[in-house]
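Welcome! Take a moment to look over the sequence and the model, and then let us walk through a few places together.

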Amino acid sequence: MAAVLELIAGSYEQIAFGYRVNTDGEEWTAKANFTHHAHTASISAAAASERFVVTGSKDETIQLYDMKKKTEHGALLHHDGTITCLEFYGASHLLSGGEDGLICVWSTKKWECLKSIKAHHGHVTSLSVHPSGKLALSVGTDKTLRTWNLINGRSAFIKNIKQNAHIVRWSPDGDKYVAVVNDKVNIYDLETASVTGTITNPKRISSVKFLNNSILAVAGDDEIVRFCDLGKEKWVCEFKAHETRVKAVDSFMMEDYCVLVTASNDGFIKMWKLNLKEELESPTLLGEVNTTARLTCLAVWKPSSVQQTAEEPAAEATTSEELTQELSKTKRVRIVAEEVVLEDESKPKKKKKDGGK
């Protein structure tokens, strides 16, 4: 059975594009499904969940698109400045970051802003939610890397990194993360919160994506996509993806191989088949589409029929060790119960015991 799959791309021309992909046959084809012109400035971020696609823009709004009903679903207007990053946690929550220094946590049920955190002095440049849903990382133009405890919505720790990082990403297993500063990928260990290695790309890095827990795809200000083995701290493969610089990379798994999606200034979105085996070989082109626009960001909408399970909220963890212990217990668990993410700060705080609500 063919996978349900749609490619979403944002552009300088203010338009978000949706392309339905036909995965039957050896060559995949992408057919225009929608164009969404709700923004009044260039699009800076895009993300997709089971049901919704969201785009953020320099017009300071987040526009929602309901992929099930194929309709526009309104706008979120909390930020005062360009939306720099968007990330869903499961189907239940969206996190947004902006040039106003705020991180907002949204419930996707009624699209309320559950929490607005003044995260950085200056811009929030990137954020990433831990696979457990209990932690988030953010980086900003105040030269800090910050860890947020999403159980209580508070800062867990702050690390001064001496430079402005513009990308931060957790690994799929959540045992490490990367922060990107210009052309360098710094690899951090969760338990020690310290840099275990650094990889340097020939050009400034525009986008990264974990393909599995050890292989990171890296795109920079050229037409090459490179693959880095974080365990070995070395480049293991590279290939020419486009005619001009690659702006964004994303990926998803099919049954027995990985699909890498790349978007470029040249207007093309391309899909590549990559076998994640011991010796990485250059991927083969599955299909491509020319949007004729100058692309800025990318998301893949690939709904699954598997429902995620809810989990009781964990006890509050306050130290690095406690957070590590708490996360190690539930590394594979997806938390979607709404009360996990944040507590109502208007109510008096009570100490939690034994992981109860």
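## A well-connected phenylalanine

Let us begin with Phe252. Setting aside residues up to four places away in sequence, Phe252 touches Leu5, Trp28, Tyr257, Cys258, Val259, Val261, Val300 and Lys302, where contact means heavy atoms within 4.5 Å.

## Two nonpolar cores

Phe252 is among the residues with the most contacts inside the largest nonpolar core, which has 23 residues; Leu7, Trp28 and Ile269 are also among them. A nonpolar core is a set of buried Ala, Val, Leu, Ile, Met, Phe, Trp, Tyr and Cys residues joined through side-chain atoms within 4.5 Å. Buried means under 20% relative accessible area, with exposed over 50% and partly exposed in between (1.4 Å probe, protein chains only). Strands that each supply at least two residues of this core include S1 (6-11), S2 (16-22) and S24 (246-253); strands are DSSP runs (E, at least two residues), numbered from the N terminus.

Apart from this core lies another, of 16 residues, including Leu211, Ala217, Val225 and Val246. In soluble globular proteins, nonpolar side chains tend to be buried together.

## A buried histidine

His79 sits in the loop between strand S7 (71-76) and strand S8 (83-89). Is His79 buried or exposed? His79 is buried, and its relative accessible area is 6%.

The side chain of His79 makes a polar contact of 2.8 Å with that of Ser96 and one of 3.1 Å with that of Asp100. A polar contact is a pair of N or O atoms within 3.5 Å; within protein, one must be able to donate a hydrogen and the other to accept it, and residues adjacent in sequence count only if both atoms are side-chain atoms.

## A buried aspartate

Asp59 belongs to the loop between strand S5 (52-57) and strand S6 (62-66). Its side chain shares a polar contact of 2.8 Å with the side chain of Thr61. Beyond four places in sequence, Asp59 is in contact with His39, Thr40 and Ala41.

## How far to trust the model

This is a predicted model: local features need pLDDT of at least 70, side-chain atom pairs count only at pLDDT 80 or more, and totals for chains, interfaces and linings use all residues. Residues are numbered from 1 along each chain as its sequence is written, and side-chain values use heavy atoms, leaving out hydrogens and water.

The mean pLDDT (the predictor's confidence in each residue, from 0 to 100) is 86, and 85% of residues reach 70 or more. Over residues 306-319, pLDDT stays under 50, as it does over residues 328-357.

Notes:
Helices (H or I, at least four residues) and strands (E, at least two) are DSSP runs, numbered from the N terminus.
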